[in-house]
Amino acid sequence: AFSSFSPQDMIDFLQSEGLQTKVERGNRVFPQSDKAMDVVDTLASCMKKLHVIQLQGRADALLFEKETSSVLGITCDNSRKLFADSVILCTGGLSYPQTGSTGDGYRLSQQAGHSIVPPVPSLVPMTSDAGWCKSLQGLSLKNISIRLLREDGKCIYEDFGELLFTHFGISGPVVLSASAHLPKKSAQRYSVSIDLKPALSEQQLDQRLQRDFAKYSNRDFINALSDLLPRKLIPVIVQRSGIDGQTKIHQMTREMRRQLVFLIKNFSVPITGVRPIEEAIITSGGVNVREVNPKTME
């Protein structure tokens, strides 16, 4: 399907209709105006030029020719029949219900004989049972790297970008992308390991700490990290480091510094699952793609 109509084809189409776009980190494409409604307005304008008639109503069922099983149109509002040469099913999945997605597409597809793979959320925030996550709610970390790890330590996904702590766990672009790589059903536990300073090696980070500690040699440990880390994160880092926050910086040992370096480069968040499908960006599952012709989408 994407070889027939690629993301670039979509960008070219929008630009030909007068909508200028921009590419941001992670190859995400947005309108230059940063207004999503501009995309809707562009499509509506295009429909108007092509004399597309818009009818209000809910599609309840597909109309079939009994002898050939051909689709002739749809039934709306339980009685009104709309006949058409072609019927295009583009209802969306179950995610983003605030846009109108109800899952009707699965029911209508089954009427046409399709089998449905049980829908599950994908590109969705992750949940964690770590108590300190809630204390970090609202903290956004930019330019960090993450690794999605199985409990045996194997990395199954890694990314670089932005992450957001929430009252239930973690979200943000890198987390949404990583969620697509979580197995739908697994007895294994998973974790997200965050490198808070990916631009620095462990040795460089240790040297940076030594400079900061020399600068704040008479301060308590908990008051000596403000140049390096976001203020909201410092109490959690101190707690998880196992180092008493009241320890004077000039009393810090090399081993304590090594523990701190490891924690900053491997800030682990235990993952218990994902948020409900209503909060997902997309639905995984639905119509079995083996039953769709990718060249014509029939």
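Q: Is Arg150 buried, partly exposed or exposed in this predicted model?
A: Let's start with the number: the relative accessible area of Arg150 is 25%. Buried means under 20% and exposed means over 50%, with a middle class in between. Because 25% falls in that middle range, Arg150 counts as partly exposed.

Q: Which residue does Arg150 meet in a salt bridge?
A: Side chains of opposite charge can pair when their charged atoms come close. For Arg150, the N to O distance in the salt bridge is 2.6 Å. The partner has a relative accessible area of 48%, so it too is partly exposed. That partner is Asp152.

Q: Lys248 and Asp220 form a salt bridge; which of these two residues is buried?
A: Their closest N and O atoms are 3.0 Å apart, and the two residues lie 28 residues apart in the chain. Lys248 has a relative accessible area of 32%, so it is partly exposed. The other partner has 16%, and since buried means under 20%, the buried one is Asp220.

Q: How many residues apart are Lys22 and Asp34, which form a salt bridge?
A: Lys22 sits in strand S1 (residues 21-24), while Asp34 is in the loop between S2 and H2. Their closest N and O atoms are 2.9 Å apart. Along the chain, the pair is separated by 12 residues.

Q: What is the volume of the second largest pocket?
A: Its lining has 11 nonpolar, 2 polar and 1 charged residues. Among the residues closest to the centre of this second largest pocket are Phe30 and Tyr96. The pocket's volume is about 800 Å³.

How values were computed
Residues are numbered from 1 along each chain as its sequence is written. This is a predicted model: local features need pLDDT of at least 70, side-chain atom pairs count only at pLDDT 80 or more; totals for chains, interfaces and linings use all residues. Side-chain values use heavy atoms; hydrogens and water are left out. On a 1 Å grid over the protein atoms alone, a cavity is a set of points where a 1.4 Å probe fits but cannot get out, and a pocket is an open set with protein on both sides within 12 Å along at least five of seven lines; lining residues have an atom within 4 Å of a point. Grid points are joined across faces, edges and corners, and a volume is the space filled by probe spheres set on the points. Ala, Val, Leu, Ile, Met, Phe, Trp, Tyr, Cys and Pro count as nonpolar, Asp, Glu, Lys and Arg as charged, and the others, Gly among them, as polar. A salt bridge is a side-chain nitrogen of Lys or Arg within 4 Å of a carboxyl oxygen of Asp or Glu. Helices (H or I, at least four residues) and strands (E, at least two) are DSSP runs, numbered from the N terminus. Buried means under 20% relative accessible area, exposed over 50%, partly exposed in between (1.4 Å probe, protein chains only).
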